[in-house]
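Here is a short, friendly tour of one protein model, written with a computational chemist in mind. Please keep the structure open beside the text as you read.

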Amino acid sequence: MRTTTKTTLAMASSALAMGWASIPVLAATPSIVIHGPAGSIAAGTTATYTITDPQATSSTEYQFWVDLNGHWVVGQNYSTRDTFSWQHIPAGSYQVVGYAMQANQLASRAWNLAIPTRTNVLTAVSPATTVTLRPATSSLVTSSQGLDSIQVKVSNGGGQPIPGFNGEVTLVDTSSLLWGPNNSFVSRVTIPIQNGVGWAQVGAATSPSLNQIYPSNLISSPSNLTAPTVQYMPTSVTSRMEGGSINSFNTITTVASTVDAPNKDMNPYGLTYDNFAGTSTAPNPYYGDLLVSNFSNAAGKNGAGSTIEAIDPTTGRVSPVASSLLVPAALAVSPKGPIWIANFGSSGPGSDVVLTPTGGQFPNGGSIITNSLLSGPWGQAFVPNPTTPAFFVTNVLTGTIDAMYGFSPPNFNTNTHFTVIGQGLAHQGSTARTARGPQGMVYDPWTHMVYVTDTQDNSIRAYSWNGIGTPNQGTGQLIYQGGALNAPTGITFDPLNGDLLVVNQGNSHLVEIRLNNGRAYVVGQKILDSTPVNPVTGAHSALFGVYALATNGHLQVFFTNDNTNTVNVLQ
């Protein structure tokens, strides 16, 4: 009897050293059976296969083949051994098949006489480490019959849903608004998971509220597909009253000129509101002001501006804040006071700049944040989180979104960490004048999502931030595209009803988009500047920044106008 050494598979890339031979073409009907793991198993484990052959003789020999991503390779060559073990199986989907031949048939290379088993299909699954609830992309109208979907995602260390992971997870809602299997609202449901994804539905509350939903108790099938410790990431859904729209607003008033008094910078781009009051010993002189960044110099050259102005929205008083930036495209204010600026840069990849509440630089270069991920910073937004707040920045030259976190004064340049939140977004252009892509951002406290505009494909997309470990969400959740959007730039939300307010660079329109009961739809439009925009060159495009405030229940929509170099208000 001939004996051979057992062949073991270690890795898909280097295993099966027997060669990339062609699998035999057989006409025989399978009469032997292969026994071993099928379906899902944990990646990194060992699968052992045994052939049962009722017609075996002392001269019967067996061979095992494995399909690695469409390539059939020999796992264990012909021998009298009817068992084959594959160790340390990497994640992926495979097929395993066995063959039986008599020694004399093998010696004469009569491959057509080989008897096959049926093919065994195997999926090696990376252990699950995280269960994430993707928030509903819309709020729900109070007392409505609407339901909104929540995605339940089971992921591995890479943050992606795990193909081949099947099981279930429990969701708990203290407000008892989860839609249950008996078509009624319940506080607890068990959600089936297929290929790493499941779906739940949640209903609206009877009054405005924030509803917390928690995942727990992940169970896999088979039972060994979860990591020893699983992280559960909850979400929340908001119910709110349906409000009005901008269609009833008819008055546009100039608040102030945005031209910088000392050096005559112009072309207002970024617009935000400074809500940091300061301290009793160091009050913030710009508290309650609008902050505006100028994108062009005195000659009107795009990508040559360097200044930020503070404008009192009530009196129109203008105060210069900073004058040493390199093309400030967008800005946001930290709840602790520092001003963050997406600095497109006059050359090179750009940077993110952090100024003191009064517009000064932190010592020892602490204000200038550089990173290889930055490439044409174009939008900026603060994103709160209980443990790890972040600032998001869009990169118009690469179509990506980064989260910056872990920062603290004064050394923002050395202690700020980066992670990619989004990529693959539509973009084009390579200069400040020609760039189009992901731009405006706003954090929505109702849905806990960050909404991002993209001027290149006329879209709004949503991203979430759950602190360290938040995965790259690619192109995000598409909220709205086309229709009323025409090169959308700035975005904010109506603090009274939560609607999104977007300004178009392509036609100078303000667009109001409502997100309710799982739908996104336009409820209002206003022309903010009647100057025709050149559809080819973009000349006379007026709108870039927008910010909404509510005082005593009265909505005011502030916006920058590049044609007039002013901040105006619609009300």
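## Pairing in the first sheet

Two strands are taken to pair if DSSP finds at least two bridges between them. The model you see is predicted, and in it strand β23 (residues 290-296) and strand β24 (residues 308-311) run antiparallel, joined by four bridges. Across this pairing, Ser-293 stands opposite Ile-308 in β24.

Both strands belong to an open sheet of four strands, in the order β22-β23-β24-β25, with antiparallel pairing. The edge positions go to β22 (266-273) and β25 (318-322); each has a single partner strand, so one side of each is left without a neighbour in the sheet. On average, neighbouring strands here are turned by 30° against each other, direction ignored.

## The whole protein

Let us step back for a moment. The protein has 571 residues, and 53% of them count as buried. Its secondary structure comprises two helices and 44 strands. Taken along the principal axes, the C-alpha atoms fill a box of roughly 100 × 55 × 50 Å.

About 23300 Å² of the protein is exposed, and carbon and sulfur atoms supply 51% of that area. Among contacts with a separation of 6 or more, 59% come from residues 24 or more positions apart.

## A second open sheet

Further along the chain, what is the strand order of the open sheet that contains β31? The order is β30-β31-β32-β33, again four strands with antiparallel pairing. Here β30 (377-383) and β33 (417-422) stand at the edges, and each has a single partner strand, so one side of each lacks a neighbour in the sheet. From one strand to the next, the twist averages 25°.

Strand β32 (residues 400-405) runs antiparallel to β33, and five bridges join the two. One residue pair to look for is Ala-403, whose bridge partner in β33 is Thr-419.

## Aromatic pairs around Trp-340

The count of aromatic pairs comes to 19. One of them is Trp-340 with Phe-391, a stacked pair at 4.1 Å centre to centre with 10° between the planes. Trp-340 lies in strand β27 (residues 339-343) and Phe-391 in strand β31 (residues 390-395), so the pair ties together parts that are 51 residues apart in sequence. Are these two rings on buried or exposed residues? Trp-340 counts as buried because its relative accessibility of 1% is under the 20% cut-off. Phe-391 is buried too, with a relative accessible area of 0%.

Trp-340 also pairs with Phe-412, this time edge-to-face, at 5.6 Å centre to centre and 85° between the planes. Phe-412 lies in helix α2 (residues 412-415) and Trp-340 in strand β27, so this pair ties together parts 72 residues apart in sequence. Like Trp-340, Phe-412 is buried. One aromatic cluster takes in Trp-340, Phe-362, Phe-382, Phe-391, Phe-407 and Phe-412.

## A look at Val-189

Our last stop is Val-189, which has its place in strand β16 (residues 188-193). With 6% relative accessibility, Val-189 counts as buried. Leaving aside residues up to four places away in sequence, Val-189 touches Val-169, Thr-170, Leu-171, Leu-178, Trp-179 and Gly-180.

How many ångströms separate the C-alpha atoms of Val-189 and Gly-524? They are separated by 38 Å, and the two residues are 335 residues apart along the chain.

Terms used:
Residues numbered from 1 in each chain as written. Predicted model: local features only at pLDDT ≥ 70, side-chain atom pairs only at ≥ 80, totals over all residues. Heavy atoms only, no water. Axes fitted to C-alpha atoms, helices over the stretch in contact; angles between N-to-C directions. Phe/Tyr/Trp six-rings, centres within 6.5 Å; stacked < 30°, edge-to-face > 60°. Buried < 20%, exposed > 50% of the residue type's maximum accessible area, 1.4 Å probe, protein only. Contact = heavy atoms within 4.5 Å. Areas by Shrake-Rupley, 256 points an atom, 1.4 Å probe, with all protein chains shown as cover.
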